[in-house]
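Let's take a walk through a protein model together, one piece at a time. Keep the picture open beside you as you read.

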Amino acid sequence: MSGFIPGLSLWLSPHHGSSMDSVLRAIIVRYSSELGTPTWGPHVTLLGSILATPEETVAQLTEAVKDIEAFDVGLLDIVTKDQYFQCIMAKAEETPALMSLNAKLRSVFPAPNSAFANEKFWPHLSLVYGDLSSDVRERVAREIQQQKDASSVPWTLAVREIEVWRTKGPVTSWERVGSVPLGK
């Protein structure tokens with residue numbers, strides 16, 4: 001796969017400049033450089049492939065989350081898949097707050113607006129994108145797991161806003177087009 005996702009995506013990202021953001025960005029940059037894969041900002045994709053304008057998406061999102069409280073999401077074990085955008089990742093804790101937020105937003109952005117509408121939500125934070133061999137994926141996942149286990153920084157995302165990203169085209173062209181704070 002060449003790394004294309006159509007439309008807009010809703011992301012949960014660590015606060016820029018936070019310890020968690022710095023740790024995750026350092027991992028993404030290190031392995032992107034080592035493996036020749038793209039770089040991007042760390043995030044958990046809440047919903048993807050939304051086929052609406054950024055303005056429409058922000059307006060609908062603002063209304064949908066006005067009564068939702070901020071929450072935390074723990075990042076669990078490092079896992080791998082044989083999928084470009086889920087090559088090496090930290091599994092995200094399936095908290096009631098996260099799962100209900102995803103369900104609510106699926107109702108706000110229903111099919112055909114979201115190509116992910118019929119897929120089960122599997123929250124994760126990707127650390128490496130790419131088409132890598134299973135040996136490379138497993139080696140890198142073990143290394144990252146060791147870094148995580150030794151880290152003095154808690155692997156937790158403080159979810160305070162939802163970012164809207166244009167994810168049409170290659171990873172290098174993705175851009176943040178808006179954000180919406182959680183209501184409470």
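What follows is a tour of the strands, then the helices, then a loop. One thing to keep in mind as you look: this is a predicted model.

Let's start with the strands. Find strand E1, which covers residues 8-12, and look for its partner: E1 and E2 pair in the antiparallel sense, with four bridges between them. To see one matched position, look at Leu12, which stands opposite Val44 in E2.

Now stay with E2 for a moment. Is this strand out in the open or enclosed? Six of the seven residues of E2 are buried, so the strand is largely enclosed by the rest of the structure. Ser49 is a residue of strand E2, and its relative accessibility is 4%; buried means under 20%, so Ser49 counts as buried. There's something else to spot here. Most residues other than glycine have a negative phi. Ser49 isn't a glycine, yet its phi is positive, at about 55°.

Next, move along to strand E3, residues 71-80. E3 pairs with strand E6 (residues 156-159) in the antiparallel sense, over four bridges. If you want a spot to aim for, Val73 stands opposite Leu157 in E6. E3 also pairs with strand E4 (residues 88-92), and this pairing is antiparallel too, over four bridges. Here you can look for Ile78, whose bridge partner in E4 is Ala90. While you're looking at strands, here's a handy general idea: in a regular strand, side chains alternate between the two faces of the sheet.

Time for the helices. Pick out helix H2 (residues 54-65) and helix H3 (residues 96-108): their axes come within 11 Å and cross at roughly 135°. That angle makes H2 oblique to H3. The crossing itself is right-handed. Which residues make the contact? On the H2 side they are Gln60, Leu61, Ala64 and Val65, and on the H3 side Leu101, Lys104, Leu105 and Val108. Sorted by class, this contact has six nonpolar residues, one polar and one charged.

Val108, in helix H3, is a good place to zoom in. Setting aside its neighbours within four places in sequence, Val108 is in contact with Gln60 and Ala64. Compare sequence and space for one of these pairs: Val108 and Ala64 are 44 residues apart along the chain, while their C-alpha atoms are 7.3 Å apart.

Now for another helix pair, H1 and H4. The axes of H1 and helix H4 (residues 134-150) come within 12 Å and cross at roughly 155°. An angle over 145 degrees counts as roughly antiparallel, so that's how H1 and H4 lie relative to each other. Their crossing is right-handed. From H1, Ile27, Arg30, Tyr31, Glu34 and Leu35 meet Val136, Arg139, Val140, Glu143, Ile144 and Gln147 from H4. By class, the residues in this contact are six nonpolar, one polar and four charged.

Our last stop is a loop. Where is Thr37? You'll find Thr37 in the loop between helix H1 (19-35) and strand E2 (44-50). Is Thr37 buried or exposed? Its relative accessible area is 13%, so Thr37 is buried. And what does Thr37 touch? Leaving out neighbours within four places in sequence, Thr37 is in contact with Tyr31, Ser32, Val128, Tyr129, Gly130 and Leu132.

Definitions and conventions
Residues numbered from 1 in each chain as written. Predicted model: local features only at pLDDT ≥ 70, side-chain atom pairs only at ≥ 80, totals over all residues. Heavy atoms only, no water. Axes fitted to C-alpha atoms, helices over the stretch in contact; angles between N-to-C directions. Helix = DSSP H or I, 4+ residues; strand = E, 2+ residues; numbered from the N terminus. Parallel < 35°, antiparallel > 145°, perpendicular 65-115°, else oblique. Left-handed = near helix turned anticlockwise from the far one by under 90°. Contact = heavy atoms within 4.5 Å. Nonpolar A, V, L, I, M, F, W, Y, C, P; charged D, E, K, R; others polar. Buried < 20%, exposed > 50% of the residue type's maximum accessible area, 1.4 Å probe, protein only. Pairing = 2+ DSSP bridges.
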